[in-house]
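Student: Hey, I've got a new structure to look at and I'm a bit lost. Can you walk me through it?
Tutor: Sure, let's have it on screen and take it piece by piece.
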Amino acid sequence: MADPQKIHPVHDVEAPHQPSAPLVPTNMSKSEEGDPENLEQHPLPPPLHSKPPKKRRSCCCRFFCWFISILLILIVAIGITIGILYLVFRPKLPKYSVDELRVTNFDLSTNNSLSVTFNVTITARNPNKKIGIDYRGGSHISAWYNDTKLCEGSLPKFYQGHRNITVLNIPLLGQTQDASGLQNSLQQQLQQNGNVTLNLKVKQPVRIKLGKLKLFKINFKVKCKLVVDSLDQNNSIRIKSNSCKFSL
């Protein structure tokens, strides 16, 4: 009996080669070392530490430059205005002098308190041609010996016009406690030097008037140094020297 015929499959060389299906789907990204075309289509995100935008910085610089420019313009304008006012009005400082000092009371009581009353004559001069001085209320004047205040008072309210001289009579009253040492110091200075040095301090609110324009209120400060021959009560007191300094 004949053997059955066996058929073996033979590979067809001429048959076209069909590629096998890819293991990774085309819509999925590969690893970093994968397809470069995929990297171009899906670029990596930018780094976290990126530089801030410069637009905000430029706006701040522009605002600062505008602010400096406006400030410089204001300063120049104020300087020009002050210069014009100075040339028009030619301001001069007022002058003060102490012409007379009378002691109406200088009494040391039994409880060592010293009662003092001075009458001071002060001359105020306004040398300006176009500037008036309005002396307001709230002034204060005091007489001192070294660091001890002897008496005090105030100046009256008045208006001083252009190139005006005003004479003021001002009473000063005061009382000092535990003044036995003070009186001994005064007597010792009189015996050694033949005179006593006193200081008058004045604080006076005023308003300056330029033509018809009144400026804001300012404070005049005057300090006068007096050298007198005595402080005897109800006697004629001679002022040997006096000098007054003016400040604002």
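Student: I clicked on Lys130 at random. Where does Lys130 lie?
Tutor: Lys130 lies in the loop between strand 2 (114-126) and strand 3 (131-135). Keep in mind that this is a predicted model.
Student: How does Lys130 count in terms of exposure, and why?
Tutor: Lys130 counts as partly exposed because its relative accessibility is 41%, and partly exposed covers the range between 20% and 50%.
Student: What kind of surface patch does Lys130 gather in?
Tutor: A patch of positive charge, where Lys130 gathers with Lys92, Lys95, Arg125, Lys129 and Arg163.
Student: OK, on to strand 3. Is strand 3 largely enclosed or open?
Tutor: Largely enclosed by the rest of the structure, because five of its five residues are buried.
Student: Which residues of strand 3 point which way?
Tutor: Ile131, Ile133 and Tyr135 point one way, while Gly132 and Asp134 point the other way. The residues on both sides are buried.
Student: What does strand 3 pair with?
Tutor: One partner is strand 8 (residues 196-210), joined to strand 3 in the antiparallel sense over five bridges. Strand 6 (residues 158-160) also runs antiparallel to strand 3, with three bridges joining them.
Student: Take Asp134, then. Which residue is the bridge partner of Asp134 in strand 8?
Tutor: That's Arg207. Over in strand 6, Asp134 stands opposite Tyr159.
Student: Let me zoom out. How many helices and strands does the protein chain have?
Tutor: Three helices and ten strands. Along the sequence, the pattern reads α-α-β-β-β-β-β-β-β-α-β-β-β.
Student: And what percentage of the residues in the protein chain is buried?
Tutor: Buried residues account for 28% of the 248 in the chain.
Student: Any nonpolar surface patch? Which residues make it?
Tutor: Phe63, Phe64, Phe67, Ile68, Leu71, Leu72 and Ile75 make a nonpolar surface patch of about 720 Å².
Student: Where does Leu71 lie?
Tutor: In helix 2, which covers residues 55-89. With a relative accessible area of 38%, Leu71 is partly exposed.
Student: New topic: backbone angles. What sign does phi have in most residues other than glycine?
Tutor: Negative, for most of them.
Student: So what's up with phi of Asn112?
Tutor: Asn112 isn't a glycine, yet its phi is positive, near 65°. Asn112 has its place in the loop between strand 1 (95-108) and strand 2. Its relative accessible area is 32%, so Asn112 is partly exposed.
Student: What about phi of Asp178?
Tutor: Also positive, at about 50°, and Asp178 is not a glycine either. You'll find Asp178 in the loop between strand 7 (164-176) and helix 3 (180-193).
Student: Is Asp178 buried or exposed?
Tutor: Exposed, because its relative accessible area is 66% and the cut-off for exposed is over 50%.
Student: Last one, Asn146. Where is Asn146 found?
Tutor: In the loop between strand 4 (140-145) and strand 5 (148-153). Asn146 counts as exposed because its relative accessibility is 53%.
Student: How far apart are the C-alpha atoms of Asn146 and Thr197?
Tutor: They are separated by 8.1 Å, although Asn146 and Thr197 are 51 residues apart along the chain.

Terms used
Residues numbered from 1 in each chain as written. Predicted model: local features only at pLDDT ≥ 70, side-chain atom pairs only at ≥ 80, totals over all residues. Heavy atoms only, no water. Patch = residues over 30% accessible without salt bridge, like charges linked within 9 Å, V, L, I, M, F, W, Y side chains within 5 Å. Areas by Shrake-Rupley, 256 points an atom, 1.4 Å probe, with all protein chains shown as cover. Salt bridge = Lys/Arg side-chain N within 4 Å of Asp/Glu carboxyl O. Lys, Arg positive; Asp, Glu negative; His and termini not counted. Charge placed at Lys NZ, Arg CZ, Asp CG, Glu CD. Helix = DSSP H or I, 4+ residues; strand = E, 2+ residues; numbered from the N terminus. Buried < 20%, exposed > 50% of the residue type's maximum accessible area, 1.4 Å probe, protein only. Pairing = 2+ DSSP bridges.
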